[in-house]
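Visitor: Could you take me for a close look at one part of this model, and show me how its pieces fit together? I would like one connected story rather than a list.

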Amino acid sequence: MSPAPLIEVRGLGKTFAVRDGLRTRALHALTDVTFEVHRGEAVALVGESGSGKSTAARVIARLLPASSGELRFDGADVLARRRVPLSFRARVQLIFQDPFASLNPVHTIGYHLERPLLRHGKARGRAAVAARVHELLDSVGLAPAAELARKHPHQLSGGQRQRVAIARALAVAPDVILADEPTSMLDASIRVGVLNLLRDLKEQRGIALLLITHDLASARYLADRTVVMYAGHVVEVGPSALVMAAPLHPYTRLLISAVPDARGSFATPLAARGGAPRLIDPPPGCPFAARCPEVHDRCRRELPALRPVSVSRLARCHLHQPAALSAAS
Ligand SMILES: Nc1ncnc2c1ncn2[C@@H]1O[C@H](COP(=O)(O)OP(=O)(O)OP(=O)(O)O)[C@@H](O)[C@H]1O
Ligand code: SF4
Ligand SMILES: [Mg+2]
């Protein structure tokens, strides 16, 4: 792993102006979000609905402007330039939950792959473009490529469409793919195939991945490290295996306990512990205080910082004081 991160997010904030009756108020979708993704690394962004995962991905992809904080890509301060260079668009690719929505029903699969190749100058001339389209389809396991290229999106299954979306991202030779719930609309049997494809891209081509998912099993399977978000804050970061086996933050513990076991039973359903956090006019203190089984006075007064708890792990919780760092975990 290179010491300089490919993506470095520091204290990132994003507010949306939302109407509340006659007033306009600030919804704090991201607050002081800090994490990094190294070259060839897979990082999972997990958290319940509304925790800010998609907003984080869109700000990183520069589809949305940040309200505060820093974003460095390959060492460069990318927010310093208002205009987003075409090279950045190529290097950072985003794929979405619903590939059907991002494919134009009137165009063939081949057309969808030709467009980025031509726009980014990755192939020239009819024969070269067609050959590259076929290579891309082969590389995501869609065969026979020539036949697939002539089809329209509605003629493909959900899993095949997601593979086309991945092929389209690959067309421009990205350094990182931000995948926003790429398998949540797919059947379980097809999901594994798409996760394996993403894993192969990471392992064989060194493409970094930011996998946004509700599914902790997918995060554990694919991601080297996991970033847990709650109410727009990063609350825990660490190697996925450690985060899942021995979560530090009370929210991560509840998130994991809310996953049904093999018999389909839940140990502690999250919903039973209070409602969604307030993102408009958030109360002071820890954003998880209203739902936390371990809340104490200080939590309601003081927002904990995201602090190292060991060499590889960070937590935002007053229960975890900065430790004398050991290499043990
Ligand atoms: N364009 C917008 N305008 C106003 N509020 C927004 C906008 N986009 C997102 N939000 C709000 O920001 C918060 C974070 O949303 P976001 O979509 O990032 O969450 P998420 O973690 O991706 O959720 P999910 O798992 O449901 O996809 C939510 O309260 C959402 O309603
Ligand atoms: S800071 Fe307090 S309320 Fe927040 S997660 Fe830790 S113990 Fe719970
Ligand atoms: Mg989302």
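Guide: Gladly! Let me begin with what pairing means here: two strands count as paired if DSSP finds at least two bridges between them. Please keep in mind that this is a predicted model. The part I have chosen is the surroundings of ligand 1, together with the sheets that lead to them.

Start with the eight-stranded sheet. This sheet is open, its strands follow the order S6-S7-S8-S3-S9-S10-S12-S11, and their pairing is mixed. At its edges stand S6 (92–95) and S11 (307–308), each of which pairs on one side only. Within the sheet, S9 (residues 225–230) and S10 (residues 233–239) are antiparallel partners joined by six bridges. To find that pairing on your screen, look for Thr 226, which stands opposite Gly 238 in S10. Helix H1 packs on this sheet, where the helix touches S3 (42–46), S6, S7 (176–180), S8 (208–213) and S9. The direction of H1 makes about 150 degrees with that of S8.

Now turn to the four-stranded sheet. This one is open as well, with the order S2-S1-S4-S5 and antiparallel pairing. Its edges are S2 and S5 (76–77); each has a single partner strand, so one side of each is left without a neighbour in the sheet. S1 and S2 are antiparallel and share 11 bridges. Two residue pairs will help you follow them: Ile 7 has Val 37 in S2 as its bridge partner, and Phe 16 is matched by Leu 27 in S2. H1 packs on this sheet too, touching S1, S2 and S4 (68–73), and its direction makes about 115 degrees with that of S1. The helix therefore gives us a way to move from one sheet to the other, with contacts to S8 in the eight-stranded sheet and to S1 in the four-stranded one.

Stay with S1 and S2 for a moment. These strands form a hairpin with two residues between them, and Gly 21 in the turn has a positive phi of about 65 degrees. Asp 32 has a positive phi as well, about 50 degrees, although this residue is not a glycine. You will find Asp 32 in strand S2. As for S1 and S4, these run antiparallel and are joined by five bridges, and Val 9 stands opposite Leu 71 in S4.

With the frame in place, let us look at ligand 1. It is surrounded by 14 residues, and the closest are Ser 49, Gly 50, Lys 53, Ser 54 and Thr 55. By class, this shell holds five nonpolar, seven polar and two charged residues. Several oxygen contacts are worth bringing up on your display. A polar side-chain atom of Ser 49 lies 2.4 Å from an oxygen atom of the ligand. Gly 52 contributes through its backbone, with an N or O atom 3.0 Å from a ligand oxygen. From His 214, an N or O atom of the side chain is 3.1 Å from an oxygen of ligand 1. Taken alone, the ligand exposes 640 Å², and the protein buries 62% of that.

Here the two halves of the tour meet. The elements giving two or more residues to the shell are strand S1 (7–20), strand S2 (23–37) and helix H1 (53–60). H1 supplies the largest share, three residues. So if you follow the ligand outwards, you come back to elements we have already visited: the hairpin strands S1 and S2, and the helix H1 that packs on the sheet they belong to, touching S1, S2 and S4.

Notes:
Residues are numbered from 1 along each chain as its sequence is written. Chains are lettered from A and ligands numbered from 1 in the order in which they are written. This is a predicted model: local features need pLDDT of at least 70, side-chain atom pairs count only at pLDDT 80 or more; totals for chains, interfaces and linings use all residues. Side-chain values use heavy atoms; hydrogens and water are left out. A residue is near a molecule or strand if one of its heavy atoms lies within 4 Å of it. A polar contact is a pair of N or O atoms within 3.5 Å; within protein, one must be able to donate a hydrogen and the other to accept it, and residues adjacent in sequence count only if both atoms are side-chain atoms. Accessible areas come from the Shrake-Rupley method with a 1.4 Å probe; for residues, only the protein chains shown count as cover. Ala, Val, Leu, Ile, Met, Phe, Trp, Tyr, Cys and Pro count as nonpolar, Asp, Glu, Lys and Arg as charged, and the others, Gly among them, as polar. Contact means heavy atoms within 4.5 Å. Axes are lines fitted to C-alpha atoms, for helices over the stretch in contact, and angles run from 0 to 180 degrees between N-to-C directions.
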